[in-house]
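Reader: I have a structure to look at, and I would like to go through it by question and answer before planning anything at the bench. Please begin with the overall form.

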Amino acid sequence: MTGHLTQVLNNVTEIINQSKTLTGLPPDAQEILNTAVSISRGIVTEVKGLQGTVLPFTEKATKQLNIALDIVTGARPLDEVKSVLVDVHGEAVIVQGASTKASENVKESIAKLQGLPDKLAPIIKRLNDEKITLSTQLEAAKKEESATKDNYYYLLMLGPFGLVGLAAALALYSHWSGRVNELQAKESELTRSIANLTAMITSTQTLGTEIGNLSSVMLQVSNAVDIVTTGLQTIIEDVNQPNAQRGMIELRIRAALLQVKTLAVDVS
C-alpha cells in the first residue's frame with residue numbers, strides 16, 4: 001500500500017518516533033507528550049485496521065461484480081445477478097459500519113489532541129520566567145565572585161599584613177565561585193529544557209496538521225464506502241423490477257466497478 005492514506009500514516013508514525021526521542025522535558029510537558037503519542041498511536045492503529053478491512057473487500061467486490069457483469073451481458077437469468085449483488089452489498093454494509101466507527105473514533109481522538117498544544121504555552125512561559133530570574137541571580141553572583149576575588153588578591157598583595165583576613169576572603173570567594181558554577185549549570189539545563197520544549201511544540205503542531213490530513217482522507221474513504229454501498233443497493237432494486245433492463249443494470253454494474261476502484265485508491 002503506497003497510496004495517499006498510507007503516506008499520511010507514515011508521516012504520522014515518523015513524527016511519533018521523532019517525538020519519543022525528545023528528552024529533558026519538564027514532567028508536566030513529558031506527560032502531555034506521552035498523551036499525544038498514545039492518542040496518535042491509537043489513531044494509526046484504527047486507520048490501519050480500516051485499511052485491513054476495506055482493501056480485501058475491494059478486491060473481492062471487484063471479482064464479484066465482474067462475475068455479475070458476465071451474467072448480465074450473457075444469457076443467464078438475472079436472479080443469478082441478484083444473488084451475487086446481495087452478497088457484495090451485505091459485505092459493503094459491514095465495511096460501511098466499520099468505516100463509520102473508525103471515522104468516529106478518529107474524530108474523538110483528534111478532539112483530545114487539539115487541546116494539548118494550549119497546555120504547553122504556560123509551561124514554556126514558566127521556564128522562560130525561571131530563566132530570567134536565574135539570569136538575574138547569576139549576574140549578581142558573578143559580581144560578588146569578582147568582588148571577593150579582587151579582595152582576595154588585594155590581601156595577598158599585602159603580604160603578612162593581609163594574613164588575618166586571607167582565610168575568610170578565600171572562603172567567601174570559594175562560596176561565590178561555587179554559586180556561579182551552580183547557577184550556570186542550572187541555566188544550561190534550563191536552556192536545554194526550553195529548546196526541547198520548543199521542539200516538542202513544533203512536533204505537536206506538525207502532528208496535529210498530519211492528523212488533520214488523516215481525518216480528511218478518512219472522510220473521503222467513508223464517503224466512497226457510502227457511494228459503493230448505495231450504488232449496490234440501487235442495482236439490487238433495479239434487478240427486482242418486473243421489467244428490469246439488462247442494459248441499465250450493466251451500466252450500473254460498470255459504474256459500481258469504478259466506484260470500488262476509487263475506494264481502493266482512497267484507502268490505499
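Reader: What radius of gyration does the chain have, set against a compact globule of 268 residues?

Author: This is a predicted model, in which local features need pLDDT of at least 70, side-chain atom pairs count only at pLDDT 80 or more, and totals for chains, interfaces and linings use all residues. Residues are numbered from 1 along each chain as its sequence is written, and side-chain values use heavy atoms, with hydrogens and water left out. Taken over C-alpha atoms, with the globule rule being 2.2 Å times the number of residues to the power 0.38, a compact globule of 268 residues would come near 18 Å, but the chain has 34 Å.

Reader: What box do the C-alpha atoms of the chain fill along the principal axes?

Author: The radius of gyration of 34 Å is one description of the chain, and the box is another. Taken along the principal axes, the C-alpha atoms fill roughly 125 × 25 × 20 Å.

Reader: How many helices and strands are there in the chain?

Author: Both are DSSP runs numbered from the N terminus, helices being H or I with at least four residues and strands E with at least two. Read along the sequence, the pattern is α-α-α-α-α-α, and the count is 6 helices and 0 strands.

Reader: Which residues in α1 are buried?

Author: Helix α1 covers residues 4–19 and has 16 residues. Buried means under 20% relative accessible area with a 1.4 Å probe, protein chains only, and in α1 this holds for Leu-5, Thr-6, Val-8, Leu-9, Val-12, Ile-15, Ile-16 and Ser-19.

Terms used. Expected span 1.5 Å × (residues − 1). Buried < 20%, exposed > 50% of the residue type's maximum accessible area, 1.4 Å probe, protein only.
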